Amino acid sequence: MTTAAAPLGTMDRAWRRFTPAQRFARFTVYLIIVAAIVAAARTIEIIPEFISDAPEQIGDLLTRMWPIDWADYPHGVHDTLVETIHIASLGTLLALFLALPVGVLAAHNLVPLRPVNLLAKLILVSSRSVNSLVWALLFVGIFGPGALAGTLAIAFRSIGFVGKLFGEALEEAQPGPVEALESTGAPWRSVLTFGYWPQVKPAFWSIALFRFDINVRESAVLGLVGAGGIGMALDAALNLFQWGRVALILVAILVVVIITEIVVTQIRKRTI
């Protein structure tokens, strides 16, 4: 019994995951990444002596921070720590109030007007592109040092984050409930309240809680540029070389961040 001969060339074929064009594109991307890393390393001018001396400097700094100046907490840290929490809370609430309308305008399925969508997205991108410390410097220059500048910096930085995610949640809403309400002649406000809101409510609370968690961390450093909160106490302690007080402030920030994380996690479990 004879077997049919295999077609010419089939024995030489080998399966490859990527085509030659894909392999060339991947190689090009890797080459660009390596070149960018090399260029960055040359630009920042790393000094080997400083790197080798770093462990000794860290040990010396930790030695000066011990023992922690716990006695300074009631009159030197507590008030600024509470102010930090207030800055994060009020800044988050203000951001939610300002970001929700912008998020609605950015959702094309709710507002099918391209120029309005683009304008809303421009506002969201502008908010996210400016760092919190830059916002803080701007508002310190306008309103002077203090908690007001920090609150506004947190709020304006958060608008882009909250508005973008909320707008995307609106665009991903199922059209069925919305179409059912529209077929009954329901007004736009009712469609938004009973058609969209029940679908995006879990996402909204998740976004709000997550942003508050981030804002607690960011508000702790805004005081370094004069925007109120515990960062101002940290900056003063660093300038005066009060290392025991610096250690106390760092521990206080760490404790607040951990407590905030636990509280936010528990609230999410019960509300989402």
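## A starting point in helix H4

Pro101 is partly exposed, with 44% relative accessible area. This residue is part of helix H4, which covers residues 78-106. Please keep in mind as you explore that the model is a predicted one.

Which residue lies 62 places from Pro101 in sequence but 8.0 Å from it in space, C-alpha to C-alpha? The partner is Gly163.

## Helix H5 and its two sides

Let us move on to helix H5. This helix runs over residues 114-129 and has 16 residues. From its first C-alpha to its last it reaches 22 Å, close to the 22 Å expected at 1.5 Å a residue.

Which residues of H5 are buried? They are Asn117, Ala120, Leu124 and Ser127. These four cover an arc of only 95 degrees around the axis, so they sit on the same side of H5. The other side of H5 has the exposed residues Arg114, Pro115, Leu119, Leu122 and Ser129. As for neighbours, the buried residues of H5 pack against helices H4, H6 and H7.

## Ser132 in helix H6

Helix H6 spans residues 132-143, and Ser132 lies in this helix. Is Ser132 buried or exposed? With a relative accessibility of 3%, Ser132 counts as buried, because that value is under the 20% cut-off.

What does Ser132 touch once its neighbours within four places in sequence are left aside? The contacts of Ser132 are Ala153, Arg157, Glu218 and Leu222. Glu218 will come up again among the salt bridges.

## Aromatic pairs

The structure has seven aromatic pairs. One of them joins Phe161 and Phe210: the ring centres are 5.8 Å apart and the planes stand at 50 degrees, so this pair is tilted. Its two members come from distant parts of the chain, with Phe161 in helix H7 (residues 147-171) and Phe210 in helix H9 (residues 188-222), 49 residues apart. Phe161 counts as buried at 19% relative accessibility, whereas Phe210, at 41%, counts as partly exposed.

Phe204 and Trp205 form an edge-to-face pair, because their planes stand at 70 degrees, with 5.1 Å between the ring centres. Here, too, one member is buried and one is partly exposed: Phe204 has a relative accessibility of 10%, and Trp205 has 39%. Elsewhere, Trp135, Phe139, Phe143 and Phe156 make up one aromatic cluster.

## Arg211, over a ring and in a salt bridge

Phe161 has another partner besides Phe210. Arg211 lies over the face of the Phe161 ring, 5.0 Å from the ring centre. How accessible is Arg211, buried or exposed? Arg211 has a relative accessible area of 5% and is therefore buried.

The side chain of Arg211 also meets that of Glu218 in a salt bridge, with 3.4 Å from N to O. Glu218 is the residue that was listed among the contacts of Ser132.

## More salt bridges

How many salt bridges does a search of the whole structure find? The search finds four, and the bridge between Arg211 and Glu218 is one of them.

Another joins the side chains of Lys164 and Glu168, at 2.9 Å from N to O. Lys164 and Glu168 are four residues apart in helix H7, which means that about one helical turn separates them. Both ends of this bridge are partly exposed: Lys164 has 34% relative accessibility, and Glu168 has 30%.

## A network between helices

A further salt bridge connects Glu261 with Arg217, and their closest N and O atoms are 3.4 Å apart. Glu261 belongs to helix H11 (residues 243-271) and Arg217 to helix H9, so this bridge ties together parts that are 44 residues apart in sequence. Asp213 takes part as well: salt bridges with shared partners join Asp213, Arg217 and Glu261 into one network.

Are the two ends of the Glu261 bridge easy to find at the surface? Glu261 is partly exposed, with a relative accessible area of 35%. For Arg217 the relative accessible area is also 35%, and this residue too is partly exposed.

Conventions:
Residues are numbered from 1 along each chain as its sequence is written. This is a predicted model: local features need pLDDT of at least 70, side-chain atom pairs count only at pLDDT 80 or more; totals for chains, interfaces and linings use all residues. Side-chain values use heavy atoms; hydrogens and water are left out. Rings of Phe, Tyr and Trp (its six-membered ring) pair if their centres lie within 6.5 Å; planes under 30 degrees apart count as stacked, over 60 as edge-to-face and the rest as tilted. Buried means under 20% relative accessible area, exposed over 50%, partly exposed in between (1.4 Å probe, protein chains only). A charge sits over a ring if NZ of Lys or CZ of Arg is within 6 Å of the ring centre and within 35 degrees of the ring normal. The expected span of a helix is 1.5 Å times one less than its number of residues. The arc is that of the directions from the helix axis to the C-beta atoms. Contact means heavy atoms within 4.5 Å.
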